[in-house]
Amino acid sequence: MTYSQLFERLRLRRLEPMSKKQFYMYIKSIGGLYADLDSELELLKGCGAPLDIEVRNDGMYFSLNTFKKLWRESDLVFVDIETNGSKPKSSDIIEIGAIKTRNGEIIESFESFVYAACVPEVISNLTGITSKDIAHAPKKKEVLAKFRTFLGDSVFVAHNVNFDYNFLDIHLRKCGMFGLLNPKLCTIELAQRTIPARRYGLSYLNDFLGIHTPVSHRAYADALTSFEIFKIAMLMFPFCVVSVQDLIDFSKHRL
(Lines give C-alpha, C1' and ligand atoms only; values in the text may rest on other atoms or scores of the structure.)
Protein backbone atom coordinates (compact mmCIF):
# COMPACT_ATOMS: atom_id res chain seq x y z
CA MET A 1 0.00 0.00 0.00
CA THR A 2 1.05 3.63 -0.60
CA TYR A 3 -0.01 6.88 1.06
CA SER A 4 -2.11 7.67 -2.02
CA GLN A 5 -3.95 4.35 -1.65
CA LEU A 6 -4.55 5.10 2.04
CA PHE A 7 -6.08 8.47 1.14
CA GLU A 8 -8.22 6.77 -1.51
CA ARG A 9 -9.57 4.45 1.20
CA LEU A 10 -10.38 7.50 3.31
CA ARG A 11 -12.07 9.14 0.31
CA LEU A 12 -14.29 6.12 -0.24
CA ARG A 13 -15.32 6.24 3.42
CA ARG A 14 -16.37 9.87 2.88
CA LEU A 15 -17.48 11.24 6.27
CA GLU A 16 -17.15 7.93 8.09
CA PRO A 17 -13.83 8.32 9.93
CA MET A 18 -11.21 5.61 10.36
CA SER A 19 -10.20 4.57 13.87
CA LYS A 20 -6.65 5.07 15.13
CA LYS A 21 -6.13 1.30 15.16
CA GLN A 22 -7.19 0.96 11.52
CA PHE A 23 -5.21 3.99 10.44
CA TYR A 24 -2.02 2.85 12.15
CA MET A 25 -2.45 -0.63 10.66
CA TYR A 26 -2.42 0.91 7.18
CA ILE A 27 0.54 3.16 8.05
CA LYS A 28 2.53 0.09 9.12
CA SER A 29 1.60 -1.73 5.90
CA ILE A 30 2.97 1.24 3.94
CA GLY A 31 6.24 0.90 5.83
CA GLY A 32 6.27 4.47 7.11
CA LEU A 33 9.50 6.19 8.07
CA TYR A 34 8.78 6.19 11.78
CA ALA A 35 7.88 3.55 14.35
CA ASP A 36 5.41 5.76 16.24
CA LEU A 37 2.20 7.30 14.95
CA ASP A 38 2.89 10.83 16.25
CA SER A 39 6.09 11.10 14.19
CA GLU A 40 4.30 9.68 11.15
CA LEU A 41 1.56 12.29 11.52
CA GLU A 42 4.19 15.05 11.60
CA LEU A 43 5.58 13.65 8.36
CA LEU A 44 2.14 13.62 6.75
CA LYS A 45 1.48 17.17 7.93
CA GLY A 46 4.79 18.32 6.45
CA CYS A 47 3.82 16.75 3.12
CA GLY A 48 0.54 18.69 3.01
CA ALA A 49 -1.63 15.61 3.55
CA PRO A 50 -5.35 16.52 3.80
CA LEU A 51 -5.92 14.76 7.12
CA ASP A 52 -8.60 15.65 9.63
CA ILE A 53 -8.03 14.25 13.13
CA GLU A 54 -10.95 14.08 15.53
CA VAL A 55 -10.45 13.23 19.20
CA ARG A 56 -13.41 11.45 20.79
CA ASN A 57 -13.95 9.85 24.18
CA ASP A 58 -13.04 6.47 22.73
CA GLY A 59 -9.94 7.63 20.84
CA MET A 60 -8.67 9.33 17.68
CA TYR A 61 -10.40 9.13 14.30
CA PHE A 62 -9.08 10.06 10.85
CA SER A 63 -10.78 11.34 7.71
CA LEU A 64 -10.03 13.61 4.75
CA ASN A 65 -10.45 17.30 5.52
CA THR A 66 -11.33 17.92 1.86
CA PHE A 67 -14.90 16.79 2.67
CA LYS A 68 -15.26 19.49 5.33
CA LYS A 69 -13.42 22.40 3.68
CA LEU A 70 -15.50 24.64 1.44
CA TRP A 71 -13.58 25.23 -1.77
CA ARG A 72 -14.48 28.93 -1.84
CA GLU A 73 -12.88 29.35 1.60
CA SER A 74 -9.83 27.21 0.86
CA ASP A 75 -6.45 28.18 -0.56
CA LEU A 76 -5.88 26.93 -4.10
CA VAL A 77 -2.32 27.29 -5.38
CA PHE A 78 -1.93 27.40 -9.16
CA VAL A 79 1.51 26.11 -10.09
CA ASP A 80 3.63 25.88 -13.20
CA ILE A 81 7.25 24.87 -13.65
CA GLU A 82 9.72 25.11 -16.49
CA THR A 83 12.35 22.39 -16.80
CA ASN A 84 15.39 21.61 -18.93
CA GLY A 85 13.94 18.24 -19.94
CA SER A 86 10.84 16.08 -19.68
CA LYS A 87 12.09 13.35 -17.31
CA PRO A 88 12.08 14.33 -13.62
CA LYS A 89 14.77 11.84 -12.61
CA SER A 90 17.31 13.16 -15.12
CA SER A 91 16.15 16.76 -15.73
CA ASP A 92 16.15 19.87 -13.57
CA ILE A 93 13.63 22.57 -12.69
CA ILE A 94 14.70 25.97 -14.04
CA GLU A 95 11.72 28.12 -13.00
CA ILE A 96 8.75 27.93 -10.61
CA GLY A 97 5.71 30.19 -10.67
CA ALA A 98 2.75 29.90 -8.29
CA ILE A 99 -0.34 31.91 -7.40
CA LYS A 100 -2.22 31.41 -4.13
CA THR A 101 -5.93 32.17 -4.45
CA ARG A 102 -9.08 32.09 -2.38
CA ASN A 103 -12.62 32.39 -3.76
CA GLY A 104 -11.32 33.42 -7.17
CA GLU A 105 -9.03 36.17 -5.86
CA ILE A 106 -5.22 36.24 -5.83
CA ILE A 107 -3.85 36.63 -2.30
CA GLU A 108 -0.15 35.85 -2.77
CA SER A 109 2.34 34.86 -5.46
CA PHE A 110 5.68 33.07 -5.82
CA GLU A 111 8.18 33.26 -8.68
CA SER A 112 11.82 32.24 -9.01
CA PHE A 113 14.43 31.03 -11.43
CA VAL A 114 16.26 27.90 -10.25
CA TYR A 115 19.94 27.25 -10.88
CA ALA A 116 20.73 24.36 -13.23
CA ALA A 117 23.93 23.42 -15.02
CA CYS A 118 22.53 24.05 -18.49
CA VAL A 119 19.49 24.93 -20.56
CA PRO A 120 19.40 23.08 -23.91
CA GLU A 121 18.80 25.20 -26.99
CA VAL A 122 15.44 23.56 -27.66
CA ILE A 123 14.24 24.64 -24.19
CA SER A 124 15.60 28.17 -24.66
CA ASN A 125 13.74 28.42 -27.96
CA LEU A 126 10.52 27.30 -26.25
CA THR A 127 10.73 29.34 -23.03
CA GLY A 128 13.15 32.15 -23.77
CA ILE A 129 15.15 31.08 -20.69
CA THR A 130 18.88 30.73 -21.31
CA SER A 131 21.75 29.29 -19.28
CA LYS A 132 22.86 32.88 -18.66
CA ASP A 133 19.48 33.71 -17.06
CA ILE A 134 19.85 31.01 -14.41
CA ALA A 135 23.64 31.11 -13.95
CA HIS A 136 23.32 33.10 -10.70
CA ALA A 137 19.84 31.91 -9.70
CA PRO A 138 19.24 30.45 -6.21
CA LYS A 139 20.07 26.78 -5.78
CA LYS A 140 17.26 24.24 -6.14
CA LYS A 141 17.10 23.30 -2.45
CA GLU A 142 16.70 26.95 -1.41
CA VAL A 143 13.92 27.61 -3.92
CA LEU A 144 12.08 24.38 -3.17
CA ALA A 145 12.18 25.04 0.58
CA LYS A 146 10.55 28.44 0.01
CA PHE A 147 8.00 26.93 -2.38
CA ARG A 148 7.16 24.14 0.10
CA THR A 149 6.45 26.79 2.76
CA PHE A 150 4.40 28.84 0.28
CA LEU A 151 2.32 25.81 -0.73
CA GLY A 152 1.71 24.57 2.83
CA ASP A 153 -1.36 22.32 2.91
CA SER A 154 -3.14 24.13 0.05
CA VAL A 155 -4.76 22.41 -2.90
CA PHE A 156 -2.17 22.05 -5.69
CA VAL A 157 -3.68 23.12 -9.03
CA ALA A 158 -2.06 22.98 -12.47
CA HIS A 159 -2.77 22.42 -16.15
CA ASN A 160 -1.84 18.75 -16.65
CA VAL A 161 -1.30 18.60 -12.90
CA ASN A 162 0.48 15.25 -12.72
CA PHE A 163 3.51 16.59 -14.61
CA ASP A 164 4.18 19.54 -12.28
CA TYR A 165 3.14 17.66 -9.13
CA ASN A 166 5.29 14.58 -9.78
CA PHE A 167 8.29 16.63 -10.95
CA LEU A 168 8.25 18.76 -7.80
CA ASP A 169 7.60 15.76 -5.56
CA ILE A 170 10.64 13.91 -6.90
CA HIS A 171 12.94 16.94 -6.60
CA LEU A 172 11.75 17.82 -3.09
CA ARG A 173 12.64 14.29 -2.02
CA LYS A 174 15.99 14.48 -3.85
CA CYS A 175 16.77 17.54 -1.74
CA GLY A 176 15.96 15.68 1.49
CA MET A 177 12.64 17.45 2.09
CA PHE A 178 9.05 16.30 2.50
CA GLY A 179 7.46 15.34 -0.80
CA LEU A 180 3.93 16.21 -1.86
CA LEU A 181 0.76 14.68 -0.47
CA ASN A 182 -1.38 17.78 -1.04
CA PRO A 183 -4.75 17.28 -2.71
CA LYS A 184 -4.42 18.09 -6.41
CA LEU A 185 -6.70 19.45 -9.10
CA CYS A 186 -6.21 19.57 -12.89
CA THR A 187 -7.50 22.55 -14.88
CA ILE A 188 -7.51 20.46 -18.07
CA GLU A 189 -10.02 18.11 -16.45
CA LEU A 190 -12.08 21.01 -15.10
CA ALA A 191 -12.11 22.72 -18.49
CA GLN A 192 -13.20 19.50 -20.20
CA ARG A 193 -16.19 19.34 -17.85
CA THR A 194 -17.25 22.96 -18.19
CA ILE A 195 -15.92 24.53 -21.41
CA PRO A 196 -16.84 23.22 -24.89
CA ALA A 197 -13.64 23.51 -26.94
CA ARG A 198 -11.84 21.69 -29.75
CA ARG A 199 -8.66 21.35 -27.69
CA TYR A 200 -7.66 21.89 -24.08
CA GLY A 201 -3.97 22.78 -24.22
CA LEU A 202 -2.97 25.88 -22.27
CA SER A 203 -1.97 27.98 -25.29
CA TYR A 204 -5.14 27.08 -27.18
CA LEU A 205 -7.45 27.93 -24.25
CA ASN A 206 -5.50 31.14 -23.63
CA ASP A 207 -6.51 32.36 -27.10
CA PHE A 208 -9.88 30.59 -27.41
CA LEU A 209 -11.20 32.03 -24.13
CA GLY A 210 -9.82 35.51 -24.81
CA ILE A 211 -7.48 35.41 -21.82
CA HIS A 212 -4.50 36.56 -23.88
CA THR A 213 -1.79 36.23 -21.25
CA PRO A 214 1.06 37.83 -23.24
CA VAL A 215 3.80 35.31 -22.36
CA SER A 216 3.60 31.53 -22.67
CA HIS A 217 5.96 28.75 -21.56
CA ARG A 218 7.05 30.84 -18.60
CA ALA A 219 6.14 29.58 -15.16
CA TYR A 220 4.30 32.53 -13.61
CA ALA A 221 2.47 33.44 -16.83
CA ASP A 222 1.28 29.87 -17.35
CA ALA A 223 0.17 29.60 -13.70
CA LEU A 224 -1.80 32.82 -14.22
CA THR A 225 -3.40 31.43 -17.39
CA SER A 226 -4.42 28.28 -15.48
CA PHE A 227 -6.04 30.48 -12.84
CA GLU A 228 -7.94 32.45 -15.48
CA ILE A 229 -9.20 29.19 -17.00
CA PHE A 230 -10.35 28.11 -13.54
CA LYS A 231 -12.25 31.38 -13.05
CA ILE A 232 -14.15 30.78 -16.29
CA ALA A 233 -14.77 27.13 -15.41
CA MET A 234 -16.10 28.02 -11.94
CA LEU A 235 -18.98 29.93 -13.54
CA MET A 236 -20.25 26.57 -14.76
CA PHE A 237 -19.86 24.55 -11.56
CA PRO A 238 -23.13 22.87 -10.53
CA PHE A 239 -24.64 23.82 -7.18
CA CYS A 240 -23.55 20.48 -5.71
CA VAL A 241 -19.87 21.52 -5.90
CA VAL A 242 -19.43 22.88 -2.39
CA SER A 243 -16.45 21.24 -0.69
CA VAL A 244 -12.88 20.82 -1.91
CA GLN A 245 -13.63 17.12 -2.37
CA ASP A 246 -16.72 17.98 -4.45
CA LEU A 247 -14.48 20.08 -6.70
CA ILE A 248 -11.95 17.28 -7.14
CA ASP A 249 -14.67 14.66 -7.67
CA PHE A 250 -16.43 16.88 -10.21
CA SER A 251 -13.21 17.19 -12.22
CA LYS A 252 -12.84 13.38 -12.11
CA HIS A 253 -16.43 12.71 -13.28
CA ARG A 254 -17.25 11.23 -9.87
CA LEU A 255 -19.93 13.84 -9.16
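**View 1. Arg13 and Glu16 join their side chains in a salt bridge.** In this predicted model, the bridge spans 3.6 Å from N to O. Arg13 is partly exposed, and its relative accessible area is 24%. Across the structure, the count of salt bridges comes to 14, and the next two views show further examples.

**View 2. Helix α7 holds a salt bridge between Arg173 and Asp169.** Here the N to O distance is 3.0 Å. Both residues belong to α7, which covers residues 161–174, and they sit 4 residues apart, or about one turn of the helix. How accessible is each partner? Arg173 is partly exposed at 46% relative accessibility, whereas Asp169 is buried with a relative accessible area of 14%.

**View 3. Glu228 meets Lys231 in a salt bridge, and Glu8, Arg11, Asp249 and Arg254 are linked in a network.** The closest N and O atoms of Glu228 and Lys231 are 3.4 Å apart. These two residues are 3 residues apart in helix α10, so about one helical turn separates them. Glu228 is partly exposed, at a relative accessible area of 23%, and Lys231 is also partly exposed, at 29%. The links between Glu8, Arg11, Asp249 and Arg254 are salt bridges as well.

**View 4. Asp222 is a buried charged residue without a salt bridge.** Let us stay with helix α10, which runs over residues 219–234 and includes Asp222. Which side chain of opposite charge is nearest to Asp222? The nearest one is Arg218, 8.4 Å away. A salt bridge requires the nitrogen and oxygen to be within 4 Å, so Arg218 does not form one with Asp222. Setting aside neighbours within four places in sequence, Asp222 contacts Asp80, Glu82, Leu202, Val215, Ser216 and His217.

**View 5. Phe230 is one of the best-connected members of the largest nonpolar core.** This core has 25 residues, and those touching the most other members are Trp71, Leu76, Leu185, Phe230, Phe237 and Leu247. At least two core residues come from each of β4 (76–83), β7 (155–158), α8 (187–194), α9, α10 and α11 (244–251). Helix α10 provides the largest share, 5 residues. Beyond residues up to four places away in sequence, Phe230 touches Trp71, Leu76, Phe78, Leu185, Thr187, Leu190, Phe237 and Leu247. A second core, separate from this one, has 24 residues, among them Val77, Val79, Ile96 and Val114. As a general background, nonpolar side chains in soluble globular proteins tend to be buried together.

**View 6. Strands β2 and β3 form a hairpin.** There are 2 residues between the strands. Strand β2 covers residues 51–56 and β3 covers residues 59–64, and they pair in the antiparallel sense over 6 bridges. To find your way along the pair, look for Asp52, which stands opposite Ser63 in β3.

**View 7. Asn103 has a positive phi although it is not a glycine, and so does His212.** For Asn103 the angle is about 55 degrees. Asn103 sits in the loop between β5 (93–102) and β6 (105–113), where it is partly exposed with a relative accessible area of 38%. The phi of His212 is about 55 degrees. His212 lies in the loop that joins α9 (202–208) and α10. Is His212 buried or exposed? His212 is exposed, with a relative accessible area of 52%.

How values were computed: Residues numbered from 1 in each chain as written. Predicted model: local features only at pLDDT ≥ 70, side-chain atom pairs only at ≥ 80, totals over all residues. Heavy atoms only, no water. Buried < 20%, exposed > 50% of the residue type's maximum accessible area, 1.4 Å probe, protein only. Lys, Arg positive; Asp, Glu negative; His and termini not counted. Contact = heavy atoms within 4.5 Å. Core = buried A, V, L, I, M, F, W, Y, C linked by side-chain atoms within 4.5 Å. Pairing = 2+ DSSP bridges.
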